[in-house]
Amino acid sequence: LQAAWLGINVFLFTYYFLFFDQDERYFYTRAILGSALAWARASAKCLNFNSMLILLPVCRNLLSFLRGTCSCCRRTLRKQLDHNLTFHKLVAYALALFTAVHTIAHLFNLERYNDSQQATDGSLAAILSKMHLNNNKWLNPIHSNQTTVEYVAFTTIPGLTGVIITLALILMVTSSTEFIRRNYFEVFWYTHHLFFIYFVGLVIHGIAGLVRGQTEDSMEEVHPRHCAEYLVEKHEECRHVCCKNPEFSSIPAESWKWVLAPVILYIFERILRVWRARQKVLVTKVIMHPAKVLELQMQKKGFRMEVGQYIFVNCPAISLLEWHPFTLTSAPEEDFFSIHIRAAGDWTERIIDTFQQQKPEMPSPPLARIEVDGPFGTASEDVFQYEVAMLVGAGIGVTPFASILKSIWYKFQQADQTLKTKKIYFYWLCRDTGAFAWFNDLLASLEQKMAESGKADFLTYRLFLTGWDTSIANNAALHHDTATDTVTGLRHKTIYGRPMWNAEFSAVATAHPRSELGFGVFLCGPGALAKDLQRSCQQHSSLDPRKVKFYFNKENF
């Protein structure tokens with residue numbers, strides 16, 4: 001998908017760059033502006049194309065529909081949908097690049113317009129600049145020597161909207177850096193809504209175009225290829241047909257044609273989100289876990305979910321406009337849905353403080369109303385489509401796998417015969433021991449249930465403690481021979497340090513030399529870990545499709 005997008009951008013820019021050099025309607029315009037016109041128009045076409053695409057990757061309901069209900073969504077296409085935010089960022093960077101090219105080209109154009117207006121050398125550019133100054137058939141938008149480039153840029157519709165669009169884009173792009181998003185999410189959230197100004201400005205920008213071309217009627221009478229020389233050497237008593245002055249008009253605005261459909265689609269998307277968010281949500285249970293992690297169990301009429309999906313949560317008492325994504329930690333088989341919230345900023349700390357005032361683990365009327373939008377699909381939905389699944393969670397990134405493991409427990413409880421997955425490997429990386437308490441009970445009950453079902457080998461889990469000191473290590477060494485782990489109380493012992501992924505992948509590949517459905521690797525964690533896992537997937541996948549093939553999937557919000 002990204003390669004196709006890049007190819008279309010290259011094609012559009014190249015085609016229109018050459019097209020404007022060949023289009024005879026702009027013969028006289030090129031006489032004034034030179035090659036800067038082609039740079040401006042080609043970048044404008046690419047801006048329109050990318051503006052058409054920028055909203056589609058964030059139409060989450062559309063993506064969920066394609067992922068969940070569209071029969072054409074095979075594994076390859078569904079994996080493309082998982083890269084929606086990456087694609088959104090690429091398109092945004094392309095918009096920034098083409099905006100810079102477009103702006104610089106037009107600054108050159110304005111300077112050349114100004115130079116042509118002030119020229120007195122009798123050149124074709126100087127003659128064209130002084131034509132039709134008293135009517136609306138002019139070619140040069142600068143009509144007097146007193147008009148400056150700055151005046152045109154800040155007083156005309158194209159100039160002013162261009163400045164506004166550029167400023168809005170700069171603010172959106174700069175506030176979208178990872179540092180801003182992680183530390184000042186509110187800045188990112190509010191500045192991103194400048195997209196409304198961007199699209200309004202884009203539609204208006206080309207209405208009263210400053211760059212003009214010769215009209216069709218004028219070209220039939222005085223074709224530039226035959227008549228341009230008569231403009232320079234024209235006599236007062238010239239009777240030739242080419243002695244008539246050419247007439248010019250604005251290039252018709254096209255931006256609205258590119259963005260109309262996606263904008264309408266996005267408006268419907270937002271209307272649907274608002275309607276769903278207004279539906280009543282009942283907080284049935286509030287649980288405070290170690291490491292300052294808040295669990296909210298909720299109910300909402302008509303709410304249906306799949307494993308690994310996520311929702312957007314708003315607390316009007318904290319902020320009317322801020323919505324934050326959280327992975328669902330409950331299973332589809334349960335009569336409620338739940339999320340786990342870790343303190344990671346002002347908004348999360350305030351919502352934890354608000355609900356912490358309630359008595360833990362007791363259902364009670366919520367102190368703050370919660371609004372929920374979703375659920376939306378993610379890569380983890382496909383976990384049961386693989387014969388072997390490797391689940392990797394880092395810290396709070398374990399939440400999508402809590403939903404999966406709970407669902408597995410229910411499937412064993414109900415003796416579900418449709419389950420395609422034969423083996424699950426679960427890896428959880430934590431910095432501190434308190435984090436493991438988030439769902440130790442779930443892992444313990446899974447151990448017991450699978451042992452009772454005669455499928456104790458179905459789930460293999462490995463817990464890694466990446467942040468530890470000598471006292472923890474000494475305690476582990478002292479109790480090494482005990483049946484259960486000293487940190488978690490589970491049968492599987494905690495491993496101190498980080499996983500050796502090459503060894504882990506080799507062991508999995510050796511244990512399962514053939515798989516018709518493939519090996520699914522699912523990650524909810526940082527980018528550095530994603531690179532390591534993706535590299536391991538490529539290294540340990542066989543070229544023979546009948547043998548070992550690892551498919552990497554990462555959660556993106």
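**Sheets, pockets and a few single residues**

Three strands make up an open sheet, running in the order E6-E5-E8 with antiparallel pairing. A strand here is a DSSP run of E with at least two residues, a helix is a run of H or I with at least four, and both are numbered from the N terminus. Two strands are said to pair if DSSP finds at least two bridges between them. The edges of this sheet are strand E6 (324-327) and strand E8 (371-376), each of which pairs on one side only. From one strand to the next, the twist averages 30° (angles run from 0 to 180 degrees between N-to-C directions, with axes as lines fitted to C-alpha atoms, for helices over the stretch in contact).

Before going further, a word on the model: it is predicted, so local features need pLDDT of at least 70 and side-chain atom pairs count only at pLDDT 80 or more, while totals for chains, interfaces and linings use all residues. Residues are numbered from 1 along each chain as its sequence is written, and side-chain values use heavy atoms, with hydrogens and water left out.

Back in the sheet, strand E5 (residues 310-314) and E8 are joined by 4 bridges in the antiparallel sense. Phenylalanine 312 sits opposite aspartate 373 in E8. Strand E8 also holds proline 375, and the peptide bond between glycine 374 and proline 375 is cis, with omega at about 10°.

Another strand worth a look is E9 (residues 388-394). Of its 7 residues, 6 are buried, so the strand is mostly covered (buried means under 20% relative accessible area, exposed over 50% and partly exposed in between, with a 1.4 Å probe and protein chains only). E9 has parallel partners in E10 and E13. With strand E10 (residues 423-430), E9 shares 7 bridges in the parallel sense, and alanine 394 stands opposite leucine 429 in E10. With strand E13 (residues 519-524), E9 pairs over 6 bridges, again parallel, and here alanine 389 faces glycine 520 in E13.

Next comes the empty space. Rolling a probe the size of a water molecule over the atoms shows where such space is left. The search uses a 1 Å grid over the protein atoms alone: a cavity is a set of points where a 1.4 Å probe fits but cannot get out, a pocket is an open set with protein on both sides within 12 Å along at least five of seven lines, and lining residues have an atom within 4 Å of a point. Grid points are joined across faces, edges and corners, and a volume is the space filled by probe spheres set on the points.

The second largest pocket holds about 890 Å³ of space. Its lining takes in 37 residues, with His102, His106, Pro158, Gly162 and His205 lying nearest the centre. Helix H3 (36-53), helix H6 (84-118), helix H8 (149-155), helix H9 (157-174) and helix H12 (195-205) each give two or more residues to this lining, and the largest share, 8 residues, comes from H6. By type, the lining of this pocket splits into 20 nonpolar, 13 polar and 4 charged residues (Ala, Val, Leu, Ile, Met, Phe, Trp, Tyr, Cys and Pro count as nonpolar, Asp, Glu, Lys and Arg as charged, and the others, Gly among them, as polar).

As for closed spaces, the whole structure has 2 cavities of 30 Å³ or more. The largest cavity has a volume of about 160 Å³ and is lined by 15 residues, with Leu63, Leu81, Asn84, Gly377 and Thr378 nearest its centre. Helix H4 (residues 60-68) gives the largest share of that lining, 4 residues, and the lining is made up of 5 nonpolar, 5 polar and 5 charged residues. The second largest cavity comes in at about 40 Å³. Around it are Lys79, Asp82, His83, Ala379, Phe552, Asn553 and Lys554; strand E14 (residues 550-554) gives the most, with 3 residues. Here the split is 2 nonpolar, 2 polar and 3 charged.

A few single residues round off the tour. The whole structure has 0 disulfides (a disulfide is a pair of cysteine sulfur atoms within 2.5 Å). Cysteine 59 counts as buried because its relative accessibility is 0%, and cysteine 537, at 3%, counts as buried too. Arginine 225 lies in helix H14 (residues 224-232) and, at 45% relative accessibility, counts as partly exposed. Arginine 225 and glutamate 24 are 201 residues apart in sequence, yet their C-alpha atoms are 7.9 Å apart in space.
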